[in-house]
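Let's take a look at some charged side chains and where they sit. Have the sequence and the 3D view ready, and follow along.

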Amino acid sequence: MRLFRLFFLASFSLLAWPLLAATSPTWYYPFISAQYPSWSVTDFRQSGEWFDCAEDDKPLFCKDSVKIHHTPMYAEITFDHALEPVLDLHGEFSLSYFNNLQLGLRQDGFQLIKVVIDDVTLDVELALINKSETEVDREVLHLINRYPATQPRELYWRSADQKRYALWRSDKDVIQITYTQ
């Protein structure tokens with residue numbers, strides 16, 4: 001139960017930064033913490049790591065192979081109306097990738113704030129207003145354990161600094177994570 005509580009309530013440990021720095025590409029940092037400045041269109045264009053894959057005038061950059069938390073992914077960078085980058089990661093589903101990526105989100109300081117599985121929604125933040133952490137833990141565990149990992153789901157996450165968001169979508173075939181600021 002204690003490990004599960006860390007699943008969505010843990011704060012980002014400063015000890016994770018050295019591990020993160022050793023395994024994550026530098027362009028990834030701004031998507032997980034406001035401590036790092038966002039890359040601009042020009043930064044992505046000039047990086048040499050990303051290729052322009054836009055089919056129209058909107059900036060779109062792609063990278064065929066990135067490793068995020070020991071998981072191979074395909075990455076796309078678009079820009080929202082305020083020209084802030086939005087990262088979309090796409091990968092195949094496997095239980096190993098499923099676990100690695102969720103553990104990675106937690107290691108990056110993200111906290112689970114909402115779960116949607118099979119049209120059942122649990123808003124963690126709303127539930128914590130009227131219930132103890134232990135009660136909410138039980139509800140989340142009950143909801144998640146009710147369905148296999150292959151069941152389509154959406155998991156909403158927020159960074160420890162509360163300025164970054166990640167939307168997880170998965171089913172039996174794919175895992176997609178969208179990072180926004």
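Is Arg-158 buried or exposed? Arg-158 is buried, because its relative accessible area is 13% and anything under 20% counts that way. Keep in mind that this is a predicted model. A search through the whole structure turns up 5 salt bridges, and here are three pairs to look at, including the one Arg-158 belongs to.

**Arg-158 and Glu-125**
- The side chains of Arg-158 and Glu-125 form a salt bridge, at 2.1 Å from N to O.
- This pair ties together distant parts of the chain: Arg-158 is in strand 7 (residues 153-158) and Glu-125 is in helix 6 (residues 124-130), 33 residues apart.
- Glu-125 is partly exposed, with 34% relative accessibility, while its partner Arg-158 is buried.

**Glu-49 and Lys-63**
- Glu-49 and Lys-63 also meet through their side chains in a salt bridge, this time at 3.8 Å from N to O.
- Distant parts of the chain are linked here too: Glu-49 sits in the loop between helix 4 (41-46) and strand 1 (51-52), and Lys-63 sits in strand 2 (residues 60-68), 14 residues apart.
- Lys-63 counts as buried at 16% relative accessibility, whereas Glu-49 is partly exposed at 34%.

**Lys-172 and Asp-173**
- The side chains of Lys-172 and Asp-173 make a salt bridge as well, at 3.6 Å from N to O.
- Lys-172 is exposed, because its relative accessible area is 57% and the cut-off for exposed is over 50%.
- Asp-173 comes out as partly exposed, at 47% relative accessibility.

Methods:
Residues are numbered from 1 along each chain as its sequence is written. This is a predicted model: local features need pLDDT of at least 70, side-chain atom pairs count only at pLDDT 80 or more; totals for chains, interfaces and linings use all residues. Side-chain values use heavy atoms; hydrogens and water are left out. A salt bridge is a side-chain nitrogen of Lys or Arg within 4 Å of a carboxyl oxygen of Asp or Glu. Helices (H or I, at least four residues) and strands (E, at least two) are DSSP runs, numbered from the N terminus. Buried means under 20% relative accessible area, exposed over 50%, partly exposed in between (1.4 Å probe, protein chains only).
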